[in-house]
Amino acid sequence: MFQLGKTIVSEEILEKEFVCNLTACHGACCVDGDAGAPLSQDETKILEEIYPKVKPFLRKEGIAAIEAQGTWVKGEDGEFETPLINGQDCAYVIFDGKTALCGIEQAYNQGIVDWKKPVSCHLYPIRIKEFSDFSAVNYHKWDICSPACALGKELEVPVYKFVKEALIRKFGEAWYQELEKVGEEHNKRM
């Protein structure tokens with residue numbers, strides 16, 4: 001672990017390699033698991049605002065889940081998260097063949113909304129845990145991402161480089177530049 005500003009960062013994000021491999025996993029992270037995507041309080045407001053614009057991109061099952069539960073829910077742990085369809089798929093998931101994609105991101109890609117998707121989704125496999133004085137930045141290992149780990153190793157892409165855009169979105173360009181310096185130094189020692 002090391003500190004960057006008001007963050008405590010796991011060295012695993014420098015050491016582990018990762019590149020999403022949708023052809024192998026088919027977006028399983030959007031449909032597997034027992035909870036929705038983690039959300040900040042600000043993101044709950046964004047989802048409420050953009051839902052009418054995102055709704056045309058969603059499946060009928062997702063729309064039904066959102067209209068029954070709301071654009072966000074409180075999970076069992078009391079944290080905000082996206083609603084699920086029958087306790088499984090994220091309500092915002094859509095499919096391209098058998099590959100799960102994000103309906104919010106599709107609306108973003110078409111210029112309909114200016115918010116890409118929840119930052120927790122954008123950051124994956126990094127998970128952020130907020131504390132009163134700092135944020136913990138950790139690598140999350142999930143078996144369904146084994147193909148992403150294999151592809152990352154093959155391409156030699158560390159986690160922090162794979163999620164560069166998301167880390168800048170979350171912490172800013174200056175923070176990321178400091179992280180890159182730490183990563184370069186760390187790799188010299190390895």
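**Close-up 1. Aspartate 34 sits in a loop and belongs to a patch of negative charge on the surface.** In this predicted model, the loop that holds aspartate 34 runs between helix H2 (22–25) and helix H3 (41–54). Its relative accessibility is 71%, so aspartate 34 counts as exposed. Asp34 is joined in the patch by Glu76, Asp77 and Glu79.

**Close-up 2. Tryptophan 72 and phenylalanine 80 form an edge-to-face pair.** The model has five aromatic pairs. In the one shown here, the ring centres of tryptophan 72 and phenylalanine 80 are 5.0 Å apart, and because their planes stand at 90°, the pair is edge-to-face. How far is each partner covered, buried or partly exposed? Tryptophan 72 has a relative accessible area of 24% and is therefore partly exposed, whereas phenylalanine 80, at 18% relative accessibility, counts as buried.

**Close-up 3. Tyrosine 160 and tyrosine 176 form a tilted pair.** Here the ring centres lie 6.3 Å apart with the planes at 40°, so the pair of tyrosine 160 and tyrosine 176 is tilted. This contact links distant parts of the chain: tyrosine 160 is in helix H8 (residues 159–162) and tyrosine 176 is in helix H10 (residues 173–189), 16 residues apart. Both tyrosine 160 and tyrosine 176 are buried.

**Close-up 4. Aspartate 114 lies in the loop between helix H5 (103–109) and helix H6 (119–123).** With 73% relative accessibility, aspartate 114 counts as exposed. If you would like a distance to check, take the C-alpha atoms of aspartate 114 and glutamate 43: they are separated by 13 Å, while the two residues are 71 residues apart along the chain.

**Close-up 5. A cis peptide bond leads from tyrosine 124 to proline 125.** What is the omega of this bond? The value for the bond from tyrosine 124 to proline 125 is near 25°. Proline 125 itself is placed in the loop between H6 and strand E9 (126–130).

**Close-up 6. Asparagine 86 and glutamate 156 each have a positive phi.** Asparagine 86 is not a glycine, yet its phi is positive, at about 50°. This asparagine 86 is found in the loop between strand E5 (84–85) and strand E6 (89–90), and it counts as exposed because its relative accessibility is 73%. For glutamate 156, also a residue other than glycine, phi is near 60°. The loop between helix H7 (146–155) and H8 holds glutamate 156. Glutamate 156 has a relative accessible area of 62%, so it is exposed.

Key: Residues are numbered from 1 along each chain as its sequence is written. This is a predicted model: local features need pLDDT of at least 70, side-chain atom pairs count only at pLDDT 80 or more; totals for chains, interfaces and linings use all residues. Side-chain values use heavy atoms; hydrogens and water are left out. Patches are made of residues with over 30% relative accessible area and no salt bridge: like charges are joined within 9 Å, nonpolar side chains (Val, Leu, Ile, Met, Phe, Trp, Tyr) within 5 Å. Accessible areas come from the Shrake-Rupley method with a 1.4 Å probe; for residues, only the protein chains shown count as cover. A salt bridge is a side-chain nitrogen of Lys or Arg within 4 Å of a carboxyl oxygen of Asp or Glu. Lys and Arg count as positive and Asp and Glu as negative; His and the chain ends are not counted. The place of a charge is taken as NZ of Lys, CZ of Arg, CG of Asp or CD of Glu. Helices (H or I, at least four residues) and strands (E, at least two) are DSSP runs, numbered from the N terminus. Buried means under 20% relative accessible area, exposed over 50%, partly exposed in between (1.4 Å probe, protein chains only). Rings of Phe, Tyr and Trp (its six-membered ring) pair if their centres lie within 6.5 Å; planes under 30 degrees apart count as stacked, over 60 as edge-to-face and the rest as tilted.
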